[in-house]
2 protein chains.
Amino acid sequence: MATTIKDIARQAGVSAATVSKVLNRKDHSIGEKTREKIWSLVKELNYTPNSIARSLITRSSRVIGVIVPDILNAYFTELVRACDQAARERGYSTILCNSDSDPEKEASHLTFLASHGVDGIVLAASDLIPDAHLLERLRIPLVSMDREIPDLDCLAARIDTDYETGAFLSASHLIRAGHRRIAFVSGNPLASNTKIRRAGFERAHREAGLPVDPDLIECGAFNHRFGLVATRTLLDRTSFSAMCCMSDMLAMGATVALRERGLSVPEDCAVIGFDNIYIAPLLVRPLSTIERRISESGYLAIGALIDFLDDPTHPRRMVLMEPTVIQRETT
Amino acid sequence: MATTIKDIARQAGVSAATVSKVLNRKDHSIGEKTREKIWSLVKELNYTPNSIARSLITRSSRVIGVIVPDILNAYFTELVRACDQAARERGYSTILCNSDSDPEKEASHLTFLASHGVDGIVLAASDLIPDAHLLERLRIPLVSMDREIPDLDCLAARIDTDYETGAFLSASHLIRAGHRRIAFVSGNPLASNTKIRRAGFERAHREAGLPVDPDLIECGAFNHRFGLVATRTLLDRTSFSAMCCMSDMLAMGATVALRERGLSVPEDCAVIGFDNIYIAPLLVRPLSTIERRISESGYLAIGALIDFLDDPTHPRRMVLMEPTVIQRETT
DNA sequence: TTAGCCTAGGTAAACGTTTACCTAATGGGT
DNA sequence: ACCCATTAGGTAAACGTTTACCTAGGCTAA
């Protein structure tokens with residue numbers, strides 16, 4: 001159906017090998033005339049190499065898989081976009097997979113990507129630790145983002161955010177503003193990225209000589225829906241004057257719940273988010289939050305991955321992104 | 001490296017063809033023992049078929065490409081998610097491509113998808129009309145969403161939204177509420193999906209016996225940033241008591257600009273959006289908007305595409321989604 | 001002259017599957 | 001005893017590339 005290398009070869013009166021060499025610029029021993037003839041046929045017949053056949057023989061697809069737990073969370077949307085851009089700039093494409101924080105789906109995406117011959121994978125935090133055996137078996141270069149992950153030899157890099165500091169800054173920001181009872185809302189309580197943030201939250205209290213009331217803690221998921229229900233639960237259970245939300249989506253949900261009860265932000269209750277997603281400054285009450293330079297981490301991840309692909313002996317990169325506070329109008 | 005069908009064949013003491021038959025359940029002439037032996041080896045060796053090799057020979061990948069103009073627009077995020085889910089339910093996977101409303105990027109994604117052997121493509125509205133020659137050449141089954149598109153024979157379906165009615169409803173809603181000067185903000189003025197909406201907007205005025213002031217029209221893009229700057233421009237230029245925003249992202253940007261100037265919504269200026277993205281009800285002022293059942297259209301698109309793949313003589317589906325008004329708190 | 005080296009390009013195997021067609025043995029019916 | 005069908009599985013080509021190695025002619029330098 002579509003034009004193949006053989007069609008070009010036939011019409012140029014040369015062998016397929018010659019065409020392949022020209023196409024791949026391994027043409028140091030191909031005559032000028034032949035080269036030109038081939039290129040002009042390529043244009044004329046709109047030849048595009050069949051990447052499938054190419055991948056099959058070269059064992060490389062120049063495609064990178066990106067797995068995220070929740071594409072609807074704007075944090076991951078932005079991350080995915082940054083990865084895609086970064087990859088494209090380096091001649092790679094990406095395939096996006098959405099795991100819904102479901103380890104089974106994640107595993108099935110992993111095998112899907114493997115069987116489709118991706119050269120590498122960016123695995124972004126879901127709540128659970130991935131199946132180490134599977135990763136081991138797949139042997140696909142991997143960069144892990146904000147994940148606990150075993151030290152595999154196909155691990156090209158880890159890009160982590162200093163969640164302890166992030167949560168510490170978040171809580172300290174509110175404590176400095178005079179708040180004494182601060183709610184803490186975060187993702188899956190069993191996931192390390194929640195535990196670590198909780199540690200930072202508690203340290204801020206300790207250093208300020210304040211107690212932490214377990215009644216003020218609600219952990220479950222990072223999406224807006226949980227932000228909404230968690231805040232309702234908290235409001236029913238106890239009282240507080242500020243909320244540390246460990247994602248901006250949570251903060252958005254929280255804000256709605258507060259307003260539902262007639263509380264205004266920040267007058268009745270301050271709210272700080274985490275991630276600094278692009279919507280955060282655009283909310284009617286621009287959201288104070290913790291900046292974590294999303295695009296930069298995407299670029300870093302892809303960069304580290306491709307460097308590793310180019311040269312697997314390349315020293316592993318272990319990056320710890322340092323978050324900062326952005327004060328807007330909700331605190 | 002990874003286990004292949006030959007490894008299984010060798011260890012089972014049969015030929016590769018036999019293994020292939022069993023794997024593909026074309027095993028009516030394979031003995032029970034052999035079948036069992038093969039399946040147990042498959043488990044034991046963690047065999048996963050190499051999709052690349054498989055695609056090469058079968059000329060089918062069970063992958064669908066999805067091209068959207070702006071993944072950061074929550075409308076498309078939701079659409080993409082719905083497509084992915086729908087595809088997965090029918091045994092397909094998706095590859096997401098983000099075109100940034102750039103026809104060149106779009107074309108390059110199209111050839112990328114073609115060369116990677118996707119079985120079909122869902123092409124969602126960008127502002128511009130796609131390169132018909134390219135589509136013609138590629139001959140990949142296509143479903144077009146909210147796009148003007150030539151009548152190719154590889155066009156499996158069109159899923160369009162009745163934008164005229166949508167915009168009409170949007171404006172009528174505001175007119176009925178007593179507004180007389182209503183601003184209109186939409187995407188690329190040259191794109192049909194803006195022109196059509198503008199027609200609906202104007203019809204609502206005509207039917208109400210109201211004039212349309214061209215000073216109240218600002219068209220450029222569907223993202224929040226344009227919503228922000230367009231609203232600033234409008235506020236500098238003229239006065240109005242309500243805004244018809246042709247996407248919720250625009251409405252969010254508009255709301256911020258209004259607030260910036262000390263105007264409150266809906267008291268000083270009503271705002272209605274379009275799309276009913278999942279964030280819309282979650283904004284501090286839940287956004288009135290035009291519902292267009294995003295997930296449903298994603299499911300429809302994928303369904304139509306796969307039906308076409310299963311049977312290319314399947315009658316083309318041309319769906320026109322009817323939008324409805326959702327009143328919340330901004331009008 | 002001849003070994004050796006360019007230059008220009010061809011040959012064929014390989015990547016991991018699928019599939020049309022072949023074979024060989026067995027069994028049943030007449 | 002012969003024919004035909006059925007069962008169980010094998011053979012080999014094909015998909016569209018890439019690449020290691022080959023060839024053949026011509027040139028150069030000793």
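Six aromatic pairs are present over all chains of the structure, which is a predicted model. In one of them, the ring centres of Tyr75(B) and Phe76(B) lie 4.8 Å apart and the planes meet at 70°, so the pair is classed as edge-to-face; the cut-off for this class is an angle over 60 degrees. Both Tyr75(B) and Phe76(B) are buried.

A further aromatic pair is formed by Tyr163(B) and Phe274(B). The distance between the two ring centres is 5.9 Å and the angle between the planes is 55°, and the pair is tilted. Tyr163(B) belongs to helix H8 (residues 163-176) of chain B, whereas Phe274(B) is located in the loop between strand E9 (270-272) and strand E10 (289-291) of that chain; the pair therefore ties together parts that are 111 residues apart in sequence. Tyr163(B) has a relative accessibility of 6% and so counts as buried, the limit being under 20%. Phe274(B) is likewise buried, its relative accessible area being 0%.

Aromatic rings are also found beneath charged side chains. In chain A, Arg203(A) lies over the face of Phe168(A), 3.9 Å from the ring centre. In chain B, the charged end of Arg203(B) is placed over the ring of Phe168(B), at 3.9 Å from its centre.

The surface around DNA strand C was examined next. There are 27 residues around this strand, and those that come nearest are Thr18(A), Lys21(A), Gly31(A), Arg59(A) and Ser20(B). By residue type, the surface near DNA strand C divides into eleven nonpolar, eleven polar and five charged residues. On the DNA side, sugar or phosphate accounts for 63% of the strand C atoms within 4 Å of the protein, and bases account for the rest.

Individual polar contacts involve both the phosphates and a base. A backbone N or O atom of Ser15(A) is 2.7 Å from a phosphate oxygen of DNA strand C. For Thr18(A), an N or O atom of the side chain lies 2.6 Å from a phosphate oxygen of the strand. From chain B, a backbone N or O atom of Ala53(B) is 3.5 Å from a base nitrogen of DNA strand C. The elements giving two or more residues to this surface are helix H2 (16-23) and helix H4 (51-58) of chain A, together with helix H1 (5-12), helix H2 (16-23) and helix H4 (51-58) of chain B. H4(B) provides the largest share, four residues.

How values were computed:
Residues numbered from 1 in each chain as written. Chains lettered and ligands numbered in written order. Predicted model: local features only at pLDDT ≥ 70, side-chain atom pairs only at ≥ 80, totals over all residues. Heavy atoms only, no water. Phe/Tyr/Trp six-rings, centres within 6.5 Å; stacked < 30°, edge-to-face > 60°. Buried < 20%, exposed > 50% of the residue type's maximum accessible area, 1.4 Å probe, protein only. Lys NZ or Arg CZ within 6 Å of the ring centre and 35° of its normal. Near = heavy atom within 4 Å. Polar contact = N/O pair within 3.5 Å; in protein donor to acceptor, adjacent residues only side chain to side chain. Nonpolar A, V, L, I, M, F, W, Y, C, P; charged D, E, K, R; others polar.
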